[in-house]
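Please follow the chain in the viewer while reading, beginning with a single helix and moving outward from there to the sheet, the core and the fold as a whole.

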Amino acid sequence: MAAKILDGKAIALELRESIAEEIKSQVAKGNKAPGLAVILVGEDPASQVYVRNKKIACEKAGFVDVSMELPASTTQEELLARIDELNARDDVHGIIVQLPVPKHIDPEELIERIDPKKDVDGFHPYNMGRLATRMPVLAPCTPHGVMTMLAKTGIPLRGLNAVVVGASNIVGVPMTLELLNERATVTVCHSATKDLAKKVSEADIVVVGVGIPEMVKGDWIKDGAIVIDVGINRLEDGRLVGDVEYEVAKEKASWITPVPGGVGPMTIATLLQNTLQAAYEL
């Protein structure tokens, strides 16, 4: 039996509509609409598309867009000064630095400079630490969006075996912490992992985010497993594929995310959710 599809577009739309209704309610009470600042440095084409999509989502939800687009020649000191300005503004509730940044910029210093209460990407060491100690405030968007999707399956995660393929600070590490907080038993796999296929084949939940087209083969998937594919890769023929061999995996999994239209839309929706929280709860 083919897997059920975890439709990220539909789930994200539902979340964004609820966020828009909450903003309307808050503004009717006399509160400010949330302000989100996305700092884009340089002209990376993929980043420009992503930032444009964020702006559209902000506008539709009723956010105030206070984004900044800066030239690639911007210095570290100039960027830090811009972040300080945004930290001090009471009309700005969320700040993110769009990655990647030019090579002469240290992204970690920028992230640490953002006020943790405005760190709606969830990458500040304070917010990562809160997640690690089971006291999350603003959680990284992609993993938290995945948790929203997993909740839609109606399957309790407690006691399930989960394998996370990829150990980045953006996806792999916070994804592991999110699953641990739901009492799943988690194995983290990376470039030094031995016998990856065996580990994946034993998993009830597989989350893959490595940026390698179809690296996880469909026949590795355990019958009835939930498959979450965070990757999105463009092949030479123009096709977009994930990090999982979708056509084979969907015949074995119970639930699976498509690429595109799976995890991607949830990342932006969760960014808005974090900004809403930062505006009215922190």
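In this predicted model, helix H7 has seven of its ten residues buried, so the helix is largely enclosed by the rest of the structure. The residues concerned are Gly172, Pro174, Met175, Thr176, Leu177, Glu178 and Leu179, and what they pack against is a mixed set of elements, namely helix H5 (125–132), helix H6 (141–152) and the strands S6, S7 and S8. With respect to the strands, H7 lies across S6, S7 and S8 (205–208), and its direction makes an angle of about 170° with that of S6. Just beyond the end of H7, arginine 183 adopts a positive phi of about 70°.

The two strands that H7 connects are themselves paired: S6 (residues 161–165) and S7 (residues 185–189) run parallel and are joined by five bridges, with valine 164 standing opposite valine 188 of S7. Between them the chain leaves S6, passes through H7 (residues 172–181) and enters S7, forming a β-α-β crossover that is right-handed.

This pair belongs to an open sheet of six strands, which is ordered S1-S12-S9-S8-S6-S7 and paired in parallel. The edges are taken by S1 (4–5) and S7, and since each of these has a single partner strand, one side of each is left without a neighbour in the sheet. At the S1 edge the pairing is with S12 (residues 255–256), again in the parallel sense and over two bridges; here lysine 4 has tryptophan 255 of S12 as its bridge partner. As background to reading such a sheet, side chains in a regular strand alternate between the two faces of the sheet.

Turning to the interior, the largest nonpolar core has 45 residues, and those that touch the most other members are Ile19, Leu150, Leu179, Ile205, Ile228 and Leu272. Helix H10 (residues 263–280) supplies the largest share of this core, with eight residues. Leu179 also appears among the buried residues of H7, which links the helix described at the outset to this core. Which residues surround isoleucine 228, once its neighbours within four places in sequence are set aside? Its contacts are Leu6, Val146, Leu150, Val206, Val207, Val208, Thr257 and Val263, and one of these, Leu150, is itself listed with those that touch the most other core members.

A further buried position is found in a loop, where valine 92 sits between helix H3 (76–88) and strand S5 (94–97). Valine 92 has a relative accessible area of 1%, which falls under the 20% limit for a buried residue. Although valine 92 and leucine 36 are 56 residues apart along the chain, their C-alpha atoms are separated by 5.9 Å. Apart from residues up to four places away in sequence, valine 92 touches Gly35, Ala37, Val66, Leu86 and Lys118.

Taken as a whole, the chain has ten helices and twelve strands. Its radius of gyration is 19 Å, close to the 19 Å that the globule rule gives for 282 residues, so the chain is as compact as a globular protein of that length, and its C-alpha trace spans about 50 × 45 × 40 Å along the principal axes. Buried residues account for 48% of the 282 residues. Of the contacts between residues at least 6 apart in sequence, 72% join residues at least 24 apart.

Key: Residues are numbered from 1 along each chain as its sequence is written. This is a predicted model: local features need pLDDT of at least 70, side-chain atom pairs count only at pLDDT 80 or more; totals for chains, interfaces and linings use all residues. Side-chain values use heavy atoms; hydrogens and water are left out. Two strands pair if DSSP finds at least two bridges between them. Helices (H or I, at least four residues) and strands (E, at least two) are DSSP runs, numbered from the N terminus. A crossover is right-handed if, with the strands pointing away from the viewer, the path from the first strand over the helix to the second runs clockwise. A nonpolar core is a set of buried Ala, Val, Leu, Ile, Met, Phe, Trp, Tyr and Cys residues joined through side-chain atoms within 4.5 Å. Buried means under 20% relative accessible area, exposed over 50%, partly exposed in between (1.4 Å probe, protein chains only). Contact means heavy atoms within 4.5 Å. Axes are lines fitted to C-alpha atoms, for helices over the stretch in contact, and angles run from 0 to 180 degrees between N-to-C directions. The radius of gyration is taken over C-alpha atoms; the globule rule is 2.2 Å times the number of residues to the power 0.38.
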